[in-house]
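Hi,

Here's the structure I said I'd pass on. Have a look at it first, then read my notes on the charged side chains below.

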Amino acid sequence: MGGFGLFVTVLLVFAILMVFMSVKSVPQGMEYTVERFGKYTATLTPGLNIIVPIIDQIGRKLNMMEQVLDVPSQEVITKDNAMVRVDGVIFYQIMDAAKAAYEVNFLDVAIINLVMTNIRTVMGSMDLDELLSRRDEINARLLTVVDDATSPWGIKVTRIEIKDIAPPKDLVDSMARQMKAEREKRAQILEAEGLRQAEILKAEGLKQSKILEAEGRKEAAFRDAEARERLAEAEARATLMVSEAISKGDVQAINYFVAQKYIESLKDVASAGNSKLVFMPLEASSVIGALGGIGELAKEAMNKKG
């Protein structure tokens, strides 16, 4: 009984050990490959899994989450023979655990070397100006090439980013001088355009001013002519009235006409710029008589209207 009991105990312990060896718990985000006598047979997904103990064993434990790899810095010669230092980053995810485990050895190293090789190929076919201004295009080309190359490995490359493109210091200084010259050129062009626009606006303003001035002179001349026309009409009517009075034998009209011309002549003589002394060899009674005639003529005109 003692030997039998020992055998049963050993058998029970062995059975419990087999149970523990057959049960495998896989955490979320991981997948395990199963090998039977060294050959891949299955993939264990997250959760509780059962394998055949002793015969089956866990081969590779793979992280199925998206992962990030830094691409080491390297020097690249561009199409125009400029030396630049480039580094980047790659994002990838394992889609097929079996292929990632058995189709390539040292997966991370293989991906990094593949990306570095294609960076030299893609960027070496472009000029320096294109490298600095078309980074999105470089990333897209790299992503297409690397994703196609890693598909047999069960890898999905989701993103490739060029982090930094560093030209040599002397080239950077030259580019800075070129940029400064371009900015100064644009500033001078803008200044010249501003001066040109100002001159145009000034000329337009002078033009409008002259047009308005000419319009003003035209309007003033028109009004002066109209005033002279009305004055001439008034004088004509006055002369006509005097002529009619004279034709009727009215002596007062003659005195009015003579007195008016006499006063106008005195006014012209008195207002002359070179006149210092005016001699008036006239009798006051004659002027008063003429003025009296004007008064009589005015009375007669008022009586006629009444």
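Let's start with Glu161: at 24% relative accessibility, this residue counts as partly exposed. Keep in mind that the model is a predicted one.

Which residue does Glu161 pair with in a salt bridge? The partner is Arg159, and the closest N and O atoms of the two are 2.8 Å apart. Arg159 is partly exposed too, with a relative accessibility of 48%.

If you're new to this, the basic idea is simple: side chains of opposite charge can pair when their charged atoms come close. In this model the count comes to eleven salt bridges.

Next, go to Glu137 and Arg134. They form another of the salt bridges, with 2.6 Å between the closest N and O atoms. Are these two buried or exposed? Something in between: Glu137 has a relative accessible area of 31%, which makes it partly exposed, and Arg134 is also partly exposed, at 30%.

Then scroll along to helix α6, which covers residues 169-247. Both Arg196 and Glu193 sit in this helix, three residues apart, or about one turn. They form a salt bridge as well, and here the closest N and O atoms are 3.8 Å apart. Glu193 is partly exposed, with 43% relative accessible area.

One last thing to look for: Glu130, Arg134 and Glu137 are joined into one network by salt bridges that share partners. Try showing those three side chains together.

Shout if you get stuck finding any of these!

Cheers

Technical notes. Residues are numbered from 1 along each chain as its sequence is written. This is a predicted model: local features need pLDDT of at least 70, side-chain atom pairs count only at pLDDT 80 or more; totals for chains, interfaces and linings use all residues. Side-chain values use heavy atoms; hydrogens and water are left out. A salt bridge is a side-chain nitrogen of Lys or Arg within 4 Å of a carboxyl oxygen of Asp or Glu. Buried means under 20% relative accessible area, exposed over 50%, partly exposed in between (1.4 Å probe, protein chains only). Helices (H or I, at least four residues) and strands (E, at least two) are DSSP runs, numbered from the N terminus.
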